[in-house]
Amino acid sequence: MGRFFEERGEPEYRAGQVEKWVWERAARSFDEMTNIPAALREPLAEAYSLTPVEPDYVARSRDGTIKHLWRLDDGERVESVLIPTRGRLTLCLSSQAGCALACRFCATGYFGFRRQLRAAEIVAQYRESLRVAREELGRPISNVVYMGMGEPLANLDAVIGSLRALHEGFGLGARRITVSTVGLIPGILELARRPEPFELALSLHAPTHDLRLELMPIEKRYPLPELFEALRTYQSYKNRRLSFEYTLIRGINDDPALADALADLAEGLICFVNLIPFNPIPSRPEWSPSSPSAIERFSAGLAARGVGSAVRRPRGRDIAAACGQLRLSREG
């Protein structure tokens, strides 16, 4: 951008002004940049794009959760969720339109894979959500999780580009950004080699080969022994605690014996398990969340083996806030 102004005989500080609008003020168009001469804003818009995304639908929960369904420039729609809790405001964003991995408990898989998101489209979800956070909630986003629609490590280049923009541009601390994956080993190892200490979460949901294969087809490509070897490599690079996401489905994966199997898998790893009551979806009407007593037994089984866990309190259920559910409800 410096060359843009240099070629027009403009002072060097113009580029800094634009950067301040983009990173600090979350500008969505060059027309907002009132300290840039009007004669420069039009050629700026012709040379560069701030990648607008438009709110197709906004849902607000009684618990303060705000979910957006964003319309992209080709008509595709993706979701992001603002989740306010005491002391933090977390944004869950999407990395793909749809998903090809067909996890049986996930509403996003219902749509199949549509396309990859560009890095700018991922960042645009953050920018627009940041504006909402400031205007409606009176505070900035403190944490970001790549746990929305899509598998982040199946769109690795764009995700890394967006991570750099959030960290280096918007100034969000790397340890406040978590990338979730179902277990794509090449992407895990690539993140391990990067210098930034981004957090990693594994979408696990079953600790045995046969059960995980039933719930998550990716198990066929990257089976648990190879996956956990990659996680050990990752931890040897980063020396950071890993998070495991485990959705508890009544009678499917909540047997206390599976907690013991999970502890066996995690042997030697510094890790923490987030236990997530299943969010019902229309494609699996026969499934329901595990009972509170079953969740307690599962958690106790992990604790007995020295594995820490916590039950993630469902947020925004009244607005279909789980991944893919809002789009499913709008299109169903």
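**Exercise 1. Describe the contact between the side chains of glutamate 128 and arginine 28, and place both residues in the chain.**

Solution. Step 1: the two side chains form a salt bridge, with N to O at 2.6 Å. The term requires a side-chain nitrogen of Lys or Arg within 4 Å of a carboxyl oxygen of Asp or Glu. The model is predicted: local features need pLDDT of at least 70 and side-chain atom pairs count only at pLDDT 80 or more, while totals for chains, interfaces and linings use all residues. Residues are numbered from 1 along each chain as its sequence is written, and side-chain values use heavy atoms, with hydrogens and water left out.

Step 2: glutamate 128 lies in helix α4 (residues 119-137), and arginine 28 in the loop between α2 (13-23) and α3 (38-47). The pair is 100 residues apart and links distant parts of the chain. Helices (H or I, at least four residues) and strands (E, at least two) are DSSP runs, numbered from the N terminus.

Step 3: glutamate 128 is buried at 4% relative accessible area, whereas arginine 28 is partly exposed at 37%. Buried means under 20% relative accessible area, exposed over 50%, and partly exposed in between (1.4 Å probe, protein chains only).

**Exercise 2. Which positions do glutamate 76 and arginine 114 occupy, and is each buried or exposed?**

Solution. Step 1: their side chains meet in a salt bridge of 3.6 Å, N to O. Step 2: glutamate 76 is in the loop between β2 (66-71) and β3 (77-85), and arginine 114 is in strand β6 (residues 113-116), 38 residues apart. Step 3: glutamate 76 is buried at 15% relative accessibility; arginine 114 is partly exposed at 36%.

**Exercise 3. Explain the placing of the salt bridge between glutamate 190 and arginine 193.**

Solution. Step 1: the closest N and O atoms are 3.4 Å apart. Step 2: glutamate 190 and arginine 193 are separated by about one helical turn because they are three residues apart in helix α6 (residues 185-193). Step 3: glutamate 190 is partly exposed at 26%, and arginine 193 is exposed at 51%.

**Exercise 4. How many salt bridges does the structure hold, and which residues form a network?**

Solution. Step 1: the count is 23. Step 2: salt bridges link Asp73, Asp74, Arg115, Arg118 and Glu121 in a network. Step 3: two of these residues, Arg118 and Glu121, are also touched by threonine 51. Contact means heavy atoms within 4.5 Å. Threonine 51 sits in the loop between α3 and β1 (54-60) and is buried at 9%.

**Exercise 5. Which strands flank helix α11 in a β-α-β unit, and how do they pair?**

Solution. Step 1: β11, helix α11 (residues 292-304) and β12 make the unit, which is right-handed (with the strands pointing away from the viewer, the path from the first strand over the helix to the second runs clockwise). Step 2: β11 (residues 271-277) and β12 (residues 308-311) pair in the parallel sense over four bridges; pairing requires that DSSP finds at least two bridges between two strands. Step 3: valine 273 has serine 309 in β12 as its bridge partner.

**Exercise 6. Describe the geometry of the aromatic pair of phenylalanine 278 and tryptophan 287.**

Solution. Step 1: the centres are 5.9 Å apart and the planes are at 75 degrees, an edge-to-face pair. Rings of Phe, Tyr and Trp (its six-membered ring) pair if their centres lie within 6.5 Å; planes under 30 degrees apart count as stacked, over 60 as edge-to-face and the rest as tilted. Step 2: phenylalanine 278 and tryptophan 287 are both buried.

Notes: Lists of a residue's contacts leave out its neighbours within four places in sequence.
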